[in-house]
Amino acid sequence: MPQDFYDKLETRSADERAADIARALPEQIARAQELAGFRASLGDIDAASVTGADALAALPVLRKSELSRAQAAQPPFGGFTAKPTSGFAHVFQSPGPIYEPGDIDHDWWRMGRFLHAAGIGRGDIVQNCFGYHLTPAGMMFESGARAVGAAVLPAGTGQTELQVTAARDVGCTAYSGTPDYLKVILDKADEMGVKLGFARAAVGGGALFPSLRAEYADRGISCLQGYGTADLGSIAYESPAMEGMIVDEQVIVEIVTPGTGDPVAPGEVGEVLVTTLNPSYPLIRFATGDLSAVMEGQSPCGRTNMRIRGWMGRADQTTKIKGMFVRPEQVAALVARHDEIVKARVIADRQGEMDAMTVQIEAEGGNTASYARSVAELLKLKGAVEVVSPGSLPRDGLVIEDRRSYD
(Lines give C-alpha, C1' and ligand atoms only; values in the text may rest on other atoms or scores of the structure.)
Protein backbone atom coordinates (compact mmCIF):
# COMPACT_ATOMS: atom_id res chain seq x y z
CA MET A 1 0.00 0.00 0.00
CA PRO A 2 1.47 3.42 -0.94
CA GLN A 3 2.58 5.56 1.98
CA ASP A 4 0.10 8.32 1.19
CA PHE A 5 -2.91 6.18 2.12
CA TYR A 6 -3.99 5.32 5.64
CA ASP A 7 -5.27 1.84 4.72
CA LYS A 8 -6.80 -0.17 1.88
CA LEU A 9 -10.31 1.04 2.67
CA GLU A 10 -9.54 4.44 1.14
CA THR A 11 -8.91 3.04 -2.33
CA ARG A 12 -11.73 0.49 -2.60
CA SER A 13 -13.70 0.35 -5.81
CA ALA A 14 -17.31 1.52 -5.67
CA ASP A 15 -18.48 -2.09 -5.90
CA GLU A 16 -16.18 -3.21 -3.08
CA ARG A 17 -17.31 -0.37 -0.83
CA ALA A 18 -20.99 -1.03 -1.57
CA ALA A 19 -20.55 -4.74 -0.83
CA ASP A 20 -18.84 -3.99 2.49
CA ILE A 21 -21.60 -1.56 3.47
CA ALA A 22 -24.26 -4.10 2.47
CA ARG A 23 -22.75 -6.49 5.02
CA ALA A 24 -22.09 -3.99 7.82
CA LEU A 25 -25.18 -1.79 7.68
CA PRO A 26 -27.85 -4.46 8.39
CA GLU A 27 -25.81 -5.55 11.40
CA GLN A 28 -25.71 -1.97 12.65
CA ILE A 29 -29.47 -1.51 12.18
CA ALA A 30 -30.06 -4.74 14.10
CA ARG A 31 -27.84 -3.47 16.94
CA ALA A 32 -29.77 -0.22 17.06
CA GLN A 33 -33.09 -2.06 17.24
CA GLU A 34 -31.96 -3.63 20.52
CA LEU A 35 -31.54 -0.21 22.13
CA ALA A 36 -34.31 1.60 23.98
CA GLY A 37 -33.61 4.85 22.16
CA PHE A 38 -34.35 3.31 18.74
CA ARG A 39 -37.06 0.83 19.68
CA ALA A 40 -39.98 3.05 18.73
CA SER A 41 -38.50 4.32 15.45
CA LEU A 42 -36.73 1.22 14.13
CA GLY A 43 -38.51 -1.64 15.87
CA ASP A 44 -40.56 -2.71 12.83
CA ILE A 45 -37.78 -2.30 10.25
CA ASP A 46 -36.45 -5.36 8.42
CA ALA A 47 -32.77 -4.82 9.23
CA ALA A 48 -31.62 -7.26 6.54
CA SER A 49 -33.19 -5.07 3.85
CA VAL A 50 -31.23 -1.93 4.81
CA THR A 51 -28.11 -2.46 2.75
CA GLY A 52 -27.20 1.04 1.55
CA ALA A 53 -28.05 4.73 1.42
CA ASP A 54 -31.08 4.15 -0.82
CA ALA A 55 -32.65 1.86 1.79
CA LEU A 56 -31.66 4.20 4.63
CA ALA A 57 -33.75 6.93 3.01
CA ALA A 58 -36.93 5.13 4.11
CA LEU A 59 -35.93 5.27 7.79
CA PRO A 60 -36.78 8.13 10.16
CA VAL A 61 -34.31 10.93 10.86
CA LEU A 62 -32.82 11.28 14.35
CA ARG A 63 -32.42 14.92 15.36
CA LYS A 64 -30.35 16.33 18.18
CA SER A 65 -33.49 17.72 19.82
CA GLU A 66 -34.87 14.18 20.05
CA LEU A 67 -31.58 12.93 21.45
CA SER A 68 -31.64 15.71 24.03
CA ARG A 69 -35.18 14.84 25.14
CA ALA A 70 -34.30 11.16 25.38
CA GLN A 71 -31.23 11.98 27.46
CA ALA A 72 -33.31 14.10 29.81
CA ALA A 73 -35.72 11.19 30.30
CA GLN A 74 -33.00 8.52 30.55
CA PRO A 75 -29.67 10.15 31.45
CA PRO A 76 -27.02 10.35 30.36
CA PHE A 77 -27.23 8.77 26.87
CA GLY A 78 -30.97 8.38 26.35
CA GLY A 79 -30.86 4.66 25.60
CA PHE A 80 -28.77 5.07 22.44
CA THR A 81 -25.57 3.30 23.56
CA ALA A 82 -24.81 -0.40 23.41
CA LYS A 83 -22.88 -0.31 26.70
CA PRO A 84 -23.69 1.08 30.15
CA THR A 85 -22.21 4.44 31.09
CA SER A 86 -19.54 2.75 33.19
CA GLY A 87 -18.49 0.70 30.17
CA PHE A 88 -17.06 3.74 28.39
CA ALA A 89 -13.74 5.36 29.14
CA HIS A 90 -15.14 8.91 29.04
CA VAL A 91 -18.40 10.81 29.34
CA PHE A 92 -18.45 14.26 27.73
CA GLN A 93 -20.88 17.16 27.94
CA SER A 94 -21.45 19.57 25.07
CA PRO A 95 -23.62 22.71 25.21
CA GLY A 96 -27.31 21.87 25.39
CA PRO A 97 -26.44 19.95 27.45
CA ILE A 98 -25.83 16.88 25.29
CA TYR A 99 -23.83 13.95 26.66
CA GLU A 100 -21.52 11.91 24.44
CA PRO A 101 -19.66 8.70 25.22
CA GLY A 102 -15.99 8.25 24.44
CA ASP A 103 -13.72 5.24 24.45
CA ILE A 104 -10.07 4.29 24.17
CA ASP A 105 -10.48 1.56 21.58
CA HIS A 106 -8.16 2.14 18.63
CA ASP A 107 -8.99 5.60 17.28
CA TRP A 108 -12.59 5.47 18.48
CA TRP A 109 -13.48 8.75 16.71
CA ARG A 110 -11.50 7.80 13.56
CA MET A 111 -9.49 11.03 13.46
CA GLY A 112 -6.27 9.24 12.49
CA ARG A 113 -7.38 9.03 8.88
CA PHE A 114 -7.65 12.83 8.72
CA LEU A 115 -4.34 13.44 10.49
CA HIS A 116 -2.60 10.99 8.15
CA ALA A 117 -4.04 12.83 5.13
CA ALA A 118 -2.70 16.06 6.65
CA GLY A 119 0.79 14.55 6.65
CA ILE A 120 1.03 14.01 10.42
CA GLY A 121 2.65 10.82 11.69
CA ARG A 122 5.63 9.30 13.46
CA GLY A 123 8.25 11.87 14.38
CA ASP A 124 5.68 14.65 14.73
CA ILE A 125 4.79 16.40 17.97
CA VAL A 126 1.27 17.80 17.78
CA GLN A 127 0.31 20.87 19.80
CA ASN A 128 -3.33 19.98 20.42
CA CYS A 129 -5.22 23.20 21.08
CA PHE A 130 -8.69 21.69 21.17
CA GLY A 131 -10.38 21.81 24.56
CA TYR A 132 -10.02 18.98 27.06
CA HIS A 133 -12.64 20.28 29.51
CA LEU A 134 -16.03 18.50 29.29
CA THR A 135 -16.24 18.59 25.47
CA PRO A 136 -14.53 15.78 23.52
CA ALA A 137 -12.57 17.61 20.79
CA GLY A 138 -9.25 17.44 22.63
CA MET A 139 -9.53 13.70 23.20
CA MET A 140 -10.77 13.13 19.64
CA PHE A 141 -7.64 14.64 18.11
CA GLU A 142 -5.34 13.09 20.70
CA SER A 143 -6.78 9.68 19.83
CA GLY A 144 -6.11 10.38 16.15
CA ALA A 145 -2.54 11.47 16.86
CA ARG A 146 -1.95 8.28 18.82
CA ALA A 147 -3.29 6.25 15.88
CA VAL A 148 -0.72 7.74 13.49
CA GLY A 149 2.16 7.49 15.96
CA ALA A 150 2.57 11.19 16.75
CA ALA A 151 3.35 12.61 20.19
CA VAL A 152 0.95 15.15 21.71
CA LEU A 153 1.35 18.33 23.72
CA PRO A 154 -2.14 18.58 25.29
CA ALA A 155 -2.22 22.37 25.21
CA GLY A 156 -5.94 23.13 25.20
CA THR A 157 -6.85 26.79 24.75
CA GLY A 158 -5.69 30.08 26.24
CA GLN A 159 -2.44 31.25 27.89
CA THR A 160 -0.97 32.09 24.50
CA GLU A 161 2.50 33.07 25.76
CA LEU A 162 2.81 29.71 27.48
CA GLN A 163 1.61 28.02 24.29
CA VAL A 164 4.41 29.72 22.34
CA THR A 165 7.02 28.82 24.94
CA ALA A 166 5.88 25.20 25.07
CA ALA A 167 5.77 24.87 21.27
CA ARG A 168 9.36 26.14 21.08
CA ASP A 169 10.74 24.13 23.99
CA VAL A 170 9.02 20.85 23.06
CA GLY A 171 9.74 21.27 19.34
CA CYS A 172 6.15 20.98 18.12
CA THR A 173 5.95 20.29 14.39
CA ALA A 174 2.17 20.21 13.92
CA TYR A 175 -0.91 22.00 15.21
CA SER A 176 -4.45 20.81 15.80
CA GLY A 177 -7.20 23.18 16.85
CA THR A 178 -9.60 25.74 15.47
CA PRO A 179 -8.44 27.43 12.26
CA ASP A 180 -7.89 30.90 13.66
CA TYR A 181 -6.20 30.05 16.98
CA LEU A 182 -3.06 28.99 15.15
CA LYS A 183 -2.74 32.57 13.90
CA VAL A 184 -3.04 33.82 17.49
CA ILE A 185 -0.12 31.60 18.48
CA LEU A 186 1.98 32.58 15.46
CA ASP A 187 1.34 36.29 15.95
CA LYS A 188 2.26 36.02 19.63
CA ALA A 189 5.44 34.15 18.68
CA ASP A 190 6.36 36.97 16.30
CA GLU A 191 5.74 39.48 19.08
CA MET A 192 7.99 37.47 21.43
CA GLY A 193 10.70 37.00 18.79
CA VAL A 194 10.27 33.22 18.90
CA LYS A 195 10.56 31.01 15.82
CA LEU A 196 8.24 28.00 15.86
CA GLY A 197 8.59 24.78 13.91
CA PHE A 198 5.02 24.14 12.79
CA ALA A 199 4.95 22.60 9.30
CA ARG A 200 1.49 21.00 9.28
CA ALA A 201 -1.90 21.82 10.73
CA ALA A 202 -5.10 19.80 11.05
CA VAL A 203 -7.98 22.13 11.89
CA GLY A 204 -11.69 21.91 12.58
CA GLY A 205 -14.45 23.41 14.68
CA GLY A 206 -14.93 26.34 12.32
CA ALA A 207 -14.49 27.48 8.75
CA LEU A 208 -10.98 27.66 7.29
CA PHE A 209 -11.15 30.84 5.23
CA PRO A 210 -9.03 30.90 2.04
CA SER A 211 -7.12 34.00 3.13
CA LEU A 212 -6.15 32.31 6.39
CA ARG A 213 -5.03 29.12 4.63
CA ALA A 214 -2.94 31.27 2.28
CA GLU A 215 -1.33 33.08 5.21
CA TYR A 216 -0.34 29.75 6.76
CA ALA A 217 1.04 28.56 3.43
CA ASP A 218 3.14 31.72 3.23
CA ARG A 219 4.58 30.77 6.62
CA GLY A 220 5.43 27.29 5.34
CA ILE A 221 2.53 25.52 7.08
CA SER A 222 0.33 23.09 5.17
CA CYS A 223 -3.15 23.43 6.66
CA LEU A 224 -6.01 20.98 5.99
CA GLN A 225 -9.44 20.89 7.57
CA GLY A 226 -11.66 18.08 8.80
CA TYR A 227 -15.37 17.90 9.48
CA GLY A 228 -16.73 16.02 12.45
CA THR A 229 -19.00 16.27 15.46
CA ALA A 230 -18.85 15.27 19.10
CA ASP A 231 -21.58 12.69 18.53
CA LEU A 232 -20.28 11.11 15.34
CA GLY A 233 -16.53 11.63 15.30
CA SER A 234 -14.92 12.21 11.91
CA ILE A 235 -17.35 12.63 9.03
CA ALA A 236 -15.13 13.89 6.20
CA TYR A 237 -11.69 15.38 5.70
CA GLU A 238 -9.50 17.17 3.18
CA SER A 239 -6.61 15.49 1.44
CA PRO A 240 -3.62 17.30 -0.07
CA ALA A 241 -5.62 17.59 -3.32
CA MET A 242 -7.85 20.11 -1.48
CA GLU A 243 -10.81 19.38 -3.72
CA GLY A 244 -13.74 18.94 -1.38
CA MET A 245 -13.83 16.65 1.64
CA ILE A 246 -13.62 12.86 1.42
CA VAL A 247 -16.20 10.98 3.48
CA ASP A 248 -14.78 8.81 6.26
CA GLU A 249 -14.82 5.05 5.62
CA GLN A 250 -16.88 4.20 8.72
CA VAL A 251 -19.87 6.46 8.13
CA ILE A 252 -22.59 6.76 5.50
CA VAL A 253 -23.48 10.31 4.49
CA GLU A 254 -26.74 11.44 2.90
CA ILE A 255 -27.64 14.94 1.72
CA VAL A 256 -31.35 15.67 2.20
CA THR A 257 -33.80 18.54 1.95
CA PRO A 258 -33.52 20.43 5.28
CA GLY A 259 -36.17 19.42 7.78
CA THR A 260 -36.95 16.19 5.92
CA GLY A 261 -35.27 12.88 5.22
CA ASP A 262 -35.70 13.18 1.46
CA PRO A 263 -32.49 12.96 -0.61
CA VAL A 264 -31.72 15.97 -2.81
CA ALA A 265 -30.61 15.73 -6.43
CA PRO A 266 -26.88 15.06 -6.96
CA GLY A 267 -24.86 18.21 -6.41
CA GLU A 268 -27.72 20.09 -4.72
CA VAL A 269 -27.15 21.70 -1.32
CA GLY A 270 -28.96 20.05 1.56
CA GLU A 271 -28.68 18.92 5.17
CA VAL A 272 -26.04 16.35 6.10
CA LEU A 273 -27.35 13.11 7.66
CA VAL A 274 -24.86 10.61 8.98
CA THR A 275 -25.16 6.95 9.89
CA THR A 276 -22.19 5.68 11.86
CA LEU A 277 -20.96 2.09 11.90
CA ASN A 278 -19.63 2.46 15.46
CA PRO A 279 -21.11 -0.59 17.25
CA SER A 280 -21.00 1.07 20.69
CA TYR A 281 -22.93 4.17 19.63
CA PRO A 282 -24.97 3.33 16.51
CA LEU A 283 -26.50 6.64 15.46
CA ILE A 284 -28.77 6.09 12.45
CA ARG A 285 -29.57 8.97 10.04
CA PHE A 286 -28.39 11.50 12.58
CA ALA A 287 -29.15 15.05 11.43
CA THR A 288 -26.13 17.32 11.85
CA GLY A 289 -27.98 20.54 10.99
CA ASP A 290 -25.10 21.36 8.62
CA LEU A 291 -25.46 22.08 4.92
CA SER A 292 -23.28 20.57 2.21
CA ALA A 293 -23.46 19.01 -1.26
CA VAL A 294 -22.03 15.95 -2.98
CA MET A 295 -19.23 16.52 -5.48
CA GLU A 296 -19.10 14.44 -8.64
CA GLY A 297 -16.15 12.15 -9.33
CA GLN A 298 -13.35 11.15 -7.02
CA SER A 299 -10.45 13.02 -5.51
CA PRO A 300 -7.27 13.41 -7.60
CA CYS A 301 -5.37 12.11 -4.55
CA GLY A 302 -6.57 8.58 -5.33
CA ARG A 303 -9.02 8.16 -2.46
CA THR A 304 -12.23 6.80 -3.92
CA ASN A 305 -14.99 7.51 -1.42
CA MET A 306 -17.73 10.09 -1.98
CA ARG A 307 -16.74 13.73 -1.60
CA ILE A 308 -18.76 16.58 -0.16
CA ARG A 309 -18.13 20.29 -0.54
CA GLY A 310 -17.48 20.77 3.15
CA TRP A 311 -19.43 22.92 5.54
CA MET A 312 -21.77 25.31 3.70
CA GLY A 313 -23.77 26.80 6.57
CA ARG A 314 -26.53 25.63 8.85
CA ALA A 315 -29.93 24.22 7.96
CA ASP A 316 -31.30 26.17 10.90
CA GLN A 317 -29.96 29.38 12.44
CA THR A 318 -27.51 27.57 14.69
CA THR A 319 -24.09 29.04 13.93
CA LYS A 320 -20.57 28.07 14.95
CA ILE A 321 -18.52 31.00 16.27
CA LYS A 322 -14.99 30.56 17.57
CA GLY A 323 -15.52 26.81 17.44
CA MET A 324 -18.69 26.86 19.59
CA PHE A 325 -22.29 26.48 18.42
CA VAL A 326 -24.65 29.33 19.22
CA ARG A 327 -28.28 28.23 19.06
CA PRO A 328 -31.52 30.21 18.82
CA GLU A 329 -32.70 28.80 22.16
CA GLN A 330 -29.63 30.31 23.85
CA VAL A 331 -30.57 33.73 22.47
CA ALA A 332 -34.12 33.19 23.74
CA ALA A 333 -32.75 32.38 27.19
CA LEU A 334 -30.81 35.67 27.15
CA VAL A 335 -33.98 37.63 26.39
CA ALA A 336 -35.92 35.76 29.09
CA ARG A 337 -33.29 36.46 31.75
CA HIS A 338 -33.73 40.26 31.62
CA ASP A 339 -37.27 41.64 31.80
CA GLU A 340 -36.31 44.85 30.01
CA ILE A 341 -34.94 43.10 26.90
CA VAL A 342 -37.45 43.14 24.05
CA LYS A 343 -35.38 41.32 21.43
CA ALA A 344 -31.80 40.19 20.79
CA ARG A 345 -29.76 39.38 17.72
CA VAL A 346 -26.38 37.67 17.53
CA ILE A 347 -24.11 38.73 14.64
CA ALA A 348 -21.18 36.55 13.60
CA ASP A 349 -18.51 38.43 11.66
CA ARG A 350 -14.77 38.53 11.10
CA GLN A 351 -12.21 40.93 12.54
CA GLY A 352 -9.06 40.37 10.54
CA GLU A 353 -8.71 36.59 10.45
CA MET A 354 -10.63 35.95 13.69
CA ASP A 355 -14.27 35.19 14.37
CA ALA A 356 -16.06 37.98 16.20
CA MET A 357 -19.46 38.05 17.90
CA THR A 358 -21.68 41.05 18.54
CA VAL A 359 -24.92 40.77 20.50
CA GLN A 360 -27.43 43.51 19.74
CA ILE A 361 -30.01 43.96 22.47
CA GLU A 362 -33.24 45.93 22.17
CA ALA A 363 -33.93 47.49 25.55
CA GLU A 364 -34.73 50.79 27.22
CA GLY A 365 -31.35 51.26 28.82
CA GLY A 366 -30.23 48.54 31.18
CA ASN A 367 -26.84 47.50 32.46
CA THR A 368 -24.50 46.63 29.58
CA ALA A 369 -22.04 44.88 31.89
CA SER A 370 -24.84 42.70 33.24
CA TYR A 371 -25.89 41.82 29.70
CA ALA A 372 -22.30 40.94 28.84
CA ARG A 373 -22.10 38.57 31.81
CA SER A 374 -25.33 36.88 30.71
CA VAL A 375 -24.02 36.56 27.16
CA ALA A 376 -20.85 34.85 28.38
CA GLU A 377 -22.81 32.51 30.65
CA LEU A 378 -25.63 31.56 28.29
CA LEU A 379 -23.87 31.64 24.90
CA LYS A 380 -20.57 30.28 26.33
CA LEU A 381 -18.70 33.01 24.42
CA LYS A 382 -17.63 36.56 25.07
CA GLY A 383 -18.61 39.21 22.56
CA ALA A 384 -19.38 42.88 22.12
CA VAL A 385 -22.78 43.98 23.44
CA GLU A 386 -24.70 46.80 21.75
CA VAL A 387 -27.87 48.14 23.36
CA VAL A 388 -30.29 49.61 20.80
CA SER A 389 -33.70 51.18 21.20
CA PRO A 390 -36.82 48.99 20.88
CA GLY A 391 -37.91 48.60 17.26
CA SER A 392 -34.38 49.02 15.88
CA LEU A 393 -33.66 45.42 14.92
CA PRO A 394 -35.00 43.95 11.67
CA ARG A 395 -38.19 41.90 11.90
CA ASP A 396 -36.91 39.25 9.51
CA GLY A 397 -37.12 36.20 11.74
CA LEU A 398 -33.37 36.03 12.32
CA VAL A 399 -31.97 35.85 15.82
CA ILE A 400 -28.51 34.75 14.60
CA GLU A 401 -27.03 36.50 11.57
CA ASP A 402 -23.86 35.18 9.96
CA ARG A 403 -22.11 37.93 8.00
CA ARG A 404 -18.95 35.94 7.27
CA SER A 405 -18.06 35.18 3.67
CA TYR A 406 -17.06 31.58 2.94
CA ASP A 407 -15.81 32.21 -0.62
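So, the second largest cavity: about 40 Å³ of space lies in there, and keep in mind that we're looking at a predicted model. Who lines it? You've got Trp108, Trp109 and Arg110, then Asp231, Leu232 and Gly233, and finally Thr276, Asn278 and Tyr281. Sorted by class, that lining comes out as 4 nonpolar, 3 polar and 2 charged residues.

How many cavities of 30 Å³ or more does the structure hold? The count is 2, and the largest cavity has a volume of about 60 Å³. Its lining takes in Thr178, Pro179 and Asp180, a run of Gly205, Gly206 and Ala207, then Phe209 and Leu212, and also Lys322, Gly323, Arg350 and Asp355. By class the lining of the largest cavity splits evenly, with 4 nonpolar, 4 polar and 4 charged residues.

Now, where does the largest cavity sit relative to the domains? The domain assignment gives us domain 1, residues 14-314, and domain 2, residues 319-402. Both domain 1 and domain 2 put residues into the lining of the largest cavity, so it lies between them. While we're on the domains, their C-alpha centres are 28 Å apart. The contact takes 14 residues from domain 1 and 11 residues from domain 2.

Okay, pockets. I'll just take the second largest pocket, which holds about 760 Å³ of space. It has 33 lining residues, and the ones closest to its centre are Ile21, Ala53, Ile252, Val253 and Met306. Which elements give two or more residues to that lining? They're helix H1 (14-33), helix H3 (53-56) and strand E10 (251-256). H1 gives the most, with 7 residues. As for the chemistry of this pocket's lining, you have 20 nonpolar residues, 6 polar and 7 charged.

Next, a helix pair, H7 and H8. H7 covers residues 160-170 and H8 covers residues 181-192; their axes come within 9 Å of each other and cross at roughly 80°. That makes H7 roughly perpendicular to H8. Which residues meet there? On the H7 side it's Thr160, Glu161, Gln163, Val164 and Thr165, and on the H8 side it's Tyr181, Val184, Ile185, Lys188, Ala189 and Met192. The contact of H7 with H8 has 6 nonpolar, 3 polar and 2 charged residues.

Last topic: some backbone details to look at on the screen. Most residues other than glycine have a negative phi, and most peptide bonds are trans. Against that background, here are three places to check.

One is the bond between Pro75 and Pro76, which is a cis peptide bond with omega at about -5°. Pro76 sits in the loop between helix H4 (64-73) and strand E1 (90-94).

Then go past E1, and there's a cis peptide bond joining Gly96 and Pro97, with omega about -5°. Pro97 is in the loop between E1 and strand E2 (98-102).

And then Asp107. What's its phi near? It's near 50°, so to speak on the positive side, in a residue other than glycine. You'll find Asp107 in the loop between E2 and helix H5 (112-117). And that brings us back round to where I started, with Trp108, Trp109 and Arg110 in the lining of the second largest cavity.

Key
Residues numbered from 1 in each chain as written. Predicted model: local features only at pLDDT ≥ 70, side-chain atom pairs only at ≥ 80, totals over all residues. Heavy atoms only, no water. 1 Å grid on protein atoms, 1.4 Å probe; cavity = no way out; pocket = protein on both sides within 12 Å on 5 of 7 lines; lining within 4 Å. Points joined across faces, edges and corners; volume = space filled by probe spheres on them. Helix = DSSP H or I, 4+ residues; strand = E, 2+ residues; numbered from the N terminus. Nonpolar A, V, L, I, M, F, W, Y, C, P; charged D, E, K, R; others polar. Axes fitted to C-alpha atoms, helices over the stretch in contact; angles between N-to-C directions. Parallel < 35°, antiparallel > 145°, perpendicular 65-115°, else oblique. Contact = heavy atoms within 4.5 Å. Domains from an automatic or database assignment.
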